[in-house]
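I opened a fresh page for this protein. My plan is to start with the whole chain and then go site by site.

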Amino acid sequence: MIRTIFKILICIFCVHLWLALSVSAQAPEILKVDPPSWWTRSSMNPVRLMIRGRNLQGARVQVAGTGVRVIGAPKINERGTYVFVDVSIAPNAQPGERAITVTTPRGSARGTFEVLAPLDRAGRFRGFSPNDVMYLIMIDRFADGDQSNNDPPQSRGLYDRKNKFYYHGGDLQGVIDHLPYLKELGITAIWLTPWYDNYDRLNQIELKEDKPSTGFHGYNPQDFYAVEEHFGTHAKLRELVDAAHRSGIKIIQDQVMNHTGPYHPWVEDTPAPAWFNGTKANHLKNVFQTWLLHDARPLHTLKRETMEGWFLDFLPDLNQNDPEVSRYLIQNTLWWIGTTGLDGIRMDTWQYVPNSFWQRWTAALKSEFPHFRVVGEVKDGDVVHTSFFQGGAVRFDRTDSGLDSLLDFPLFYPIRHAFAEGKPIEEIPKTLSKDHLYTDPGILVTLLGGHDDGRFMSEKGATIEGLKLANAFLLTTRGVPQLYYGDELAMEGEDEPTTRGDFPGGFPGDKRNAFTGAGRTKEQQELFEYIKRLTTLHSELDALRSTTLVNLYVSEQQYAYARLANTGTVIVVINNDNKPAEIEFEVSHIAVRNGDVFTDRLGVIRGVVARDGKLRVNLPKRSAAIFSRG
Ligand SMILES: [Ca+2]
Ligand SMILES: [Ca+2]
Ligand SMILES: [Ca+2]
C-alpha cells in the first residue's frame with residue numbers, strides 16, 4: 001500500500017515536473033534589444049525596437065518608468081523570435097535604464113533599454129571637407145594598444161600575427177595612443193575600417209589559400225550594435241572619438257548596409273520573411289554587371305543579380321526594400337553617430353543598395369545631423385558610372401540619393417599609372433576633364449592607396465620619387481585627400497592581405513618603431529617629412545583647399561595647374577619624366593602680373609618671375625614644385 005502511494009506520489013511529481021518544464025520551455029525570453037539605447041529630443045521619435053528572443057508569439061510589450069511609452073501594437077514574426085515595437089521618448093525623459101517587459105499567456109521576460117541625454121553638438125558631427133586630410137587605418141593592423149583583448153574569451157583562437165588572415169591585435173586603444181603621430185603628420189580626419197562585432201569563429205565558408213580565415217577586416221558583421229571584442233568596447237570608442245576631437249582630428253566610421261557577415265544570427269532565423277534577398281540555400285550570386293545600374297534602358301530584372309545577388313556568393317544581401325530592414329539600418333546609422341559624436345561615414349558597397357533606400361537614409365541622417373557628410377564606395381574607374389551615384393541630382397530613376405561624396409577611383413588609377421608605372425601624366429588632366437559629370441567634384445575623396453588594392457610601392461616601376469610626386473599631386477589637386485596608413489613609410493604589399501600589413505612599431509616585439517623618427521630609415525624619414533610638408537602647405541595655403549582648379553600646361557609627362565583663392569594663387573608644376581624639363585605657360589588670365597615673383601614652397605627650384613604674361617619653369621627629373629607669390 002505504502003509502495004503504491006509512493007509510486008502515485010512519484011507520478012504526480014513527474015507530471016508536475018513535466019508541466020513546469022514544458023511551461024518554461026514556452027515562456028518568453030528576451031535575448032537582445034536593438035537599439036539598446038536612444039537619446040532624447042531626437043528627430044527619430046518614436047524609435048522602433050527590435051527585440052530578439054524566444055516564444056514571443058502573442059507578446060505584449062511594456063516599458064516601466066516615466067518618459068518612455070509604447071506606441072501601437074507590436075509586430076511579431078511567425079516563429080515568435082522577433083518583436084518590432086515603437087517607443088516614444090519624451091523630450092524631458094530622465095536619462096537612465098528602463099525595464100522592458102514582454103508578456104505572453106505563458107509568462108513574461110525582461111530586457112532593458114536606456115534613455116540617453118543627447119551629446120553636446122559643439123565639436124561633434126562636423127562632416128568632412130576639402131579642408132581635411134584623411135587617413136585610412138585598418139584597425140587590426142595599425143597598433144596593439146591593449147594586449148588583454150588579443151585572444152578574448154568570446155572568440156578564442158583567432159589571433160595569430162604570423163597568419164595574414166587572422167587578427168593581429170590592433171585596436172582602438174592603439175589608435176588613441178598614436179593620435180600625436182597622426183597630428184604630427186598633419187592628419188585632420190581618420191577613416192577607420194569597420195568596428196562592428198564580426199563573427200567569433202573561424203570562417204569556414206570563405207577560404208583563403210584553402211584555409212579558414214577571420215573577420216579581422218571588419219566587413220562581416222554579426223552584430224550591428226556592438227564593437228568587435230578584439231578592438232575594444234563602445235566606451236573605448238567614445239573615448240577615441242573624444243580624444244581625437246581634442247587633437248583636432250575627426251572620426252569617419254566605415255559602415256556596411258549591403259550585407260551582413262555569413263554567420264549573422266539573422267541568416268538562420270530571419271526577423272521578417274523578406275529580410276534578405278533570397279536565403280542561404282536559395283539566392284542569386286552577384287555578377288557585378290555594375291554598368292547596368294547607370295543605364296536607363298535595361299529591365300529591372302536585368303539588374304537583379306547585381307543589386308540582390310550575394311557578394312562572393314556567401315555574404316547575405318540585405319533587402320532594403322523591406323520597411324523593417326530599412327528602418328533598422330537607418331536607426332543603426334543614427335545610433336552610432338548619436339552615441340559617439342563621430343563626424344562622417346564611409347559607406348561600403350554603395351552601388352549595390354537601391355537609391356530609393358539611400359534617399360530615405362540620407363534624409364534621416366541630415367535631419368538629425370545637418371553638417372554630417374558621407375563618402376560612398378563605388379569602386380569603378382569610369383566617371384560616367386561613379387558620377388551617377390553622387391547626390392544633388394535626379395536622374396532617370398527619379399531619385400536623388402543625397403550622397404555627398406565618392407571615393408575618387410576614376411582618378412586613383414591614372415595616379416597609379418603615371419606616378420608608379422611612369423606612364424603619361426596627361427591621363428590625369430584627361431580624367432579631371434570629366435569633372436562636369438559630377439554634381440560636386442570638389443568634395444570627392446582622392447586617394448593613391450587603400451586597403452582593397454596592392455600598395456603603391458608594389459606597383460611595377462614604383463619608386464620613392466614617384467610616391468612623392470603622387471602625394472604632391474594628391475595634396476594639391478581638388479577634393480579631399482585621403483592617405484593610407486603606412487604609405488608614408490613606403491610600405492609594400494602587392495595584394496589584398498599583404499596590403500594590410502602591420503605598421504612597424506605598433507605591435508609588441510616589433511624590432512623598430514616607425515612612429516618615431518629614430519625608428520624610420522633615412523628614406524622613410526625623408527618621405528615622412530615630405531608628406532608632412534605637403535599637409536602643412538595644404539593647411540596654410542587656402543587655394544589648395546579651394547574648389548577652383550585651372551589647367552595651365554599639359555604634355556605627355558608635364559602638368560601645371562593653378563588653384564585659386566582670394567588670399568592668393570598657388571601654381572603647381574609636375575615633371576613626371578625621367579629627365580629634366582623646361583616648360584613655359586600663360587598666366588596672365590589668372591591675374592598674374594609681369595614682375596610677380598613666385599617661390600617654390602617645396603624648395604626644389606629657385607623662384608620664378610612672370611614675364612610677358614608667362615612663367616618659365618625648369619624642373620629636375622621626376623619632381624614637383626608648389627609656387628606661391630612672394
Ligand atoms: Ca589588442
Ligand atoms: Ca566578434
Ligand atoms: Ca544588395
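**Entry 1: overall picture.** I note first that this is a predicted model. I looked at how contacts are spread along the chain. Of the contacts with a separation of 6 or more, 74% join residues 24 or more positions apart. I then counted secondary structure: the protein has 12 helices and 28 strands.

I checked the dimensions next. The C-alpha atoms fill a box of roughly 125 × 55 × 50 Å along the principal axes. The radius of gyration is 28 Å, and a compact globule of 630 residues would have one near 25 Å, so the two agree.

**Entry 2: surface and charge.** I looked up burial. Of the 630 residues, 58% are buried. The protein exposes about 25,600 Å², and carbon and sulfur atoms supply 52% of that area. I also tallied charged side chains: 70 are positive and 76 are negative. The centres of the two sets lie 3 Å apart.

**Entry 3: the calcium ion.** Which residues hold the protein donors of ligand 3? I found Asn258 through OD1, Met307 through O, Asp317 through two OD entries and Tyr352 through O. These donors lie 2.3 to 2.6 Å from the calcium ion. Along the chain they follow the spacing N-x48-M-x9-D-x34-Y. Asn258 sits in the loop between β15 (250–255) and α5 (300–308), while Met307 is in helix α5, so this pair ties together parts that are 49 residues apart in sequence.

I asked whether these two are buried or exposed. Asn258 has a relative accessible area of 0%, so I list Asn258 as buried. Met307 is at 17%, which also counts as buried, since the cut-off is under 20%.

**Entry 4: helices α11 and α7.** I went through helix α11 (residues 464–474) residue by residue. Here 10 of the 11 residues are buried, so the helix is largely enclosed by the rest of the structure. The buried ones include Ile464, Leu467, Phe473 and Leu474. Lys468 and Asn471 are also among the buried residues of α11.

In helix α7 (residues 355–368) I picked out Asn355. Asn355 is buried at 10% relative accessibility. Beyond its neighbours within four places in sequence, Asn355 contacts Trp350, Phe388, Asp397, Thr399 and Ser401.

**Entry 5: backbone oddities.** I searched for cis peptide bonds. The bond from Asp34 to Pro35 is cis, with omega near -10°. Pro35 is in the loop between β1 (29–34) and β2 (37–39). The bond from Asn45 to Pro46 is cis too, with omega near 5°. Pro46 lies in the loop between β2 and β3 (47–54).

Then I looked for positive phi in residues other than glycine. Asp313 has phi near 75°. Asp313 sits in the loop between α5 and α6 (323–340) and is partly exposed at 33%. Arg622 has phi near 40°. Arg622 is in the loop between β27 (614–619) and β28, and Arg622 is buried at 10%.

**Entry 6: the segment after β28.** I finished with Gly630, in the segment after β28 (623–629). Gly630 is exposed, at 65% relative accessibility. What does Gly630 contact, leaving aside its neighbours within four places in sequence? I found Val597, Phe598 and Thr599. I also took the distance to Lys75, 555 residues away along the chain: the C-alpha atoms of Gly630 and Lys75 are separated by 70 Å.

Methods
Residues are numbered from 1 along each chain as its sequence is written. Chains are lettered from A and ligands numbered from 1 in the order in which they are written. This is a predicted model: local features need pLDDT of at least 70, side-chain atom pairs count only at pLDDT 80 or more; totals for chains, interfaces and linings use all residues. Side-chain values use heavy atoms; hydrogens and water are left out. Helices (H or I, at least four residues) and strands (E, at least two) are DSSP runs, numbered from the N terminus. The radius of gyration is taken over C-alpha atoms; the globule rule is 2.2 Å times the number of residues to the power 0.38. Buried means under 20% relative accessible area, exposed over 50%, partly exposed in between (1.4 Å probe, protein chains only). Contact means heavy atoms within 4.5 Å. Accessible areas come from the Shrake-Rupley method with a 1.4 Å probe; for residues, only the protein chains shown count as cover. Lys and Arg count as positive and Asp and Glu as negative; His and the chain ends are not counted. The place of a charge is taken as NZ of Lys, CZ of Arg, CG of Asp or CD of Glu. Donors are N, O and S atoms within 2.8 Å of the metal (3.2 Å for Na, K and Ca); water is not among the atoms, so sites may look incomplete.
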